[in-house]
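Please look over the sequence and the model shown below before reading on. The paragraphs that follow lead from the open spaces of the structure to single residues and then to the chain as a whole.

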Amino acid sequence: MKKYWADLGASVVVFLVALPLCVGVAVASGVPAELGIVTGVVGGIVVGLLPGSSLQVSGPAAGLTVLVADAVSSHGIEALGVIVLGAGALQVLLGLARCGRWFRAISPSVVQGMLAGIGLVLVLGQLYPLVGAQAPGTTWEKITGLVSLAVSPVAVALGLLTIVIMLLWQRTPLRVVPGVLVGVVVTTALAGVFASSVARIDVGELATDVHLPDLSLLDTGIVGTAVVFALVASAESLFSAAAVDRMHDGPRTRYNRELVAQGVGNTLCGLLGALPMTAVIVRSSANVQAGARTKLSRVLHGVWLLLFVVALPELIALIPVAVLAAVLVHAGWKLLGIGQVVALWRKDRAEGAIVVLTAGLIVGTDLLTGTLVGLLAAVVKTAWDVSRLSVVVTADGVALKGNATFLRLPGLLDVLDGVDREHVRMDLSGVRHLDQACGQAIDQWVDESRRAGRTVELVGR
């Protein structure tokens with residue numbers, strides 16, 4: 001019975017953390033605020049009941065904000081449900097095909113770069129509503145527009161006060177109450193008393209905004225976007241699961257089942273026309289730290305969100321836009337992870353370069369391009385590291401040790417071209433792997449040497 005009381009208390013904490021984030025992510029994504037809470041409800045009640053992970057909590061994530069905003073801008077909000085439905089169905093198929101653990105094979109530097117890029121785009125976009133201005137459409141315009149940005153003193157004061165409260169609250173003995181909630185409540189109350197003209201969240205009718213997806217909108221662009229949604233959401237969820245598993249000593253995550261659970265949740269969100277979901281590390285860590293023992297805490301947090309969106313939606317309309325922008329700037333800064341990037345750069349310059357490359361391309365192009373190029377760079381780096389080849393000129397000739405791949409071919413040819421003796425003994429017995437490019441180059445060099453009158457002895461091939 002004691003553990004159920006612990007779950008009840010943890011569910012309230014997670015609800016208080018999730019509520020402003022659900023609303024903020026929805027507004028930043030360009031969809032009605034209440035749809036963010038709908039996704040939180042599905043993530044809590046539906047995904048919370050399914051097998052997979054016991055303590056991580058799902059809902060709309062800041063990491064998908066940029067992706068959703070781009071999709072809504074390109075295809076319209078009417079297509080969002082179709083995209084999320086397709087992404088959820090693909091996740092279910094990937095889970096049933098037992099692909100869950102493969103997502104953990106993605107290079108951590110690419111993941112860190114992806115999160116850093118998303119965080120930077122999120123910060124750039126939310127700086128504008130933070131100061132009471134309208135954000136431009138493209139990333140470049142957001143960067144150049146900072147120079148001549150028109151600032152509303154009231155919006156800036158509310159936004160900065162929200163951030164200060166969130167940061168300082170974590171140092172107080174009352175930090176069991178989420179700092180994000182305290183910041184939003186305090187600044188919303190101050191805005192209600194002293195700043196009646198400040199821009200606030202626009203709240204629509206839940207019955208109007210929740211709708212079945214229009215499958216007639218399906219085309220190749222929407223299919224491609226759905227695939228990106230599925231891959232990014234799956235990767236973020238399973239990386240979160242690995243992190244949450246390190247926070248507690250309870251049952252470990254079953255990755256394939258968790259992937260199916262995430263897919264079921266996104267399928268339902270698509271049917272409702274809501275935001276996509278992932279497992280969210282902020283809510284999950286709050287759940288563990290609040291003393292949760294079982295799935296009950298995350299399910300109850302979904303129940304509390306449902307009761308709120310049904311009974312008290314008008315409270316959302318009291319929140320100033322600048323306050324939610326401050327919450328998302330804080331979330332984006334945490335995703336950026338400057339300290340982690342600097343530490344990685346000092347430890348391994350190549351891995352740090354992959355982080356910077358991935359993040360920079362996400363900011364300069366889009367999430368898919370940046371992530372794919374980052375993955376390619378990680379594969380090339382790994383191939384270079386693995387293809388270590390030692391080419392040593394000995395008294396008898398040349399000895400090769402290691403993995404002879406095309407990446408090491410220029411250096412190998414330089415050494416072979418420098419060999420000038422009548423009898424050459426080429427020892428390949430220490431070669432663990434010889435790819436076609438190096439094999440052909442060695443055969444060609446041997447033929448040319450023999451035509452030149454040299455004696456070439458091949459050993460170990």
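**Pockets, a cavity and the residues around them**

Fifty residues, given here as 50, line the largest pocket, and those nearest its centre are Met-247, Ile-281, Val-282, Ser-285 and Lys-334. The model is a predicted one, in which local features need pLDDT of at least 70 and side-chain atom pairs count only at pLDDT 80 or more, while totals for chains, interfaces and linings use all residues. Residues are numbered from 1 along each chain as its sequence is written, and side-chain values use heavy atoms, with hydrogens and water left out.

Rolling a probe the size of a water molecule over the atoms shows where empty space is left. On a 1 Å grid over the protein atoms alone, a pocket is an open set of points with protein on both sides within 12 Å along at least five of seven lines, whereas a cavity is a set of points where a 1.4 Å probe fits but cannot get out; lining residues have an atom within 4 Å of a point. Grid points are joined across faces, edges and corners, and a volume is the space filled by probe spheres set on the points.

The largest pocket holds about 1,600 Å³ of space. Helices and strands are named here as DSSP runs numbered from the N terminus (H or I over at least four residues for a helix, E over at least two for a strand). Among the elements that each supply at least two residues of the lining of the largest pocket are helix 1, helix 5 (108–130), helix 12 (281–289) and helix 14 (321–336), and the largest share, seven residues, comes from helix 14. By class, this lining divides into 34 nonpolar, ten polar and six charged residues, where Ala, Val, Leu, Ile, Met, Phe, Trp, Tyr, Cys and Pro count as nonpolar, Asp, Glu, Lys and Arg as charged, and the others, Gly among them, as polar.

The second largest pocket holds about 910 Å³ of space and is lined by 40 residues, with Ala-28, Gly-125, Gln-126, Ala-135 and Lys-142 nearest its centre. Helix 1, helix 3, helix 5, helix 6 (139–144), helix 14 and helix 16 (349–364) each supply at least two residues of its lining, and helix 3 gives the largest share, six residues. The lining of the second largest pocket has 23 nonpolar, 14 polar and three charged residues.

The structure also holds one cavity of 30 Å³ or more, with a volume of about 30 Å³. Its lining consists of Val-25, Ser-29, Pro-60, Ala-61, Leu-64, Thr-65, Val-68, Leu-275 and Pro-276, and helix 1 (2–29) and helix 3 (65–75) each supply at least two of these residues. Seven residues of the cavity lining are nonpolar, two are polar and none is charged.

Three single residues can be followed next. Leu-21 lies in helix 1 and is buried, with a relative accessible area of 12%, buried meaning under 20% relative accessible area and exposed over 50%, with partly exposed in between (1.4 Å probe, protein chains only). Leaving aside neighbours within four places in sequence, Leu-21 is in contact (heavy atoms within 4.5 Å) with Val-282, Arg-283 and Val-327. The C-alpha atoms of Leu-21 and Ala-61, which are 40 residues apart along the chain, are separated by 8.0 Å.

Val-329 is found in helix 14 and counts as buried at 11% relative accessibility. Its C-alpha atom is 9.9 Å from that of Val-121, although the two residues are 208 residues apart along the chain. Not counting residues up to four places away in sequence, Val-329 touches Val-123, Gln-126, Leu-127, Leu-130 and Ile-163. In helix 16 lies Thr-358, which is buried with a relative accessible area of 0%.

Helix 18 (residues 409–417) has Leu-409, Leu-412 and Leu-416 as its buried residues. They cover an arc of only 65° around the axis, so they lie on the same side of helix 18, the arc being that of the directions from the helix axis to the C-beta atoms. Pro-410, Asp-414 and Asp-417 are exposed on the other side of helix 18. The cover over the buried residues includes strand 3 (389–393), strand 4 (397–404), strand 5 (423–434) and helix 19 (436–451).

Taken as a whole, the chain has 19 helices and six strands, and 51% of its 461 residues count as buried.
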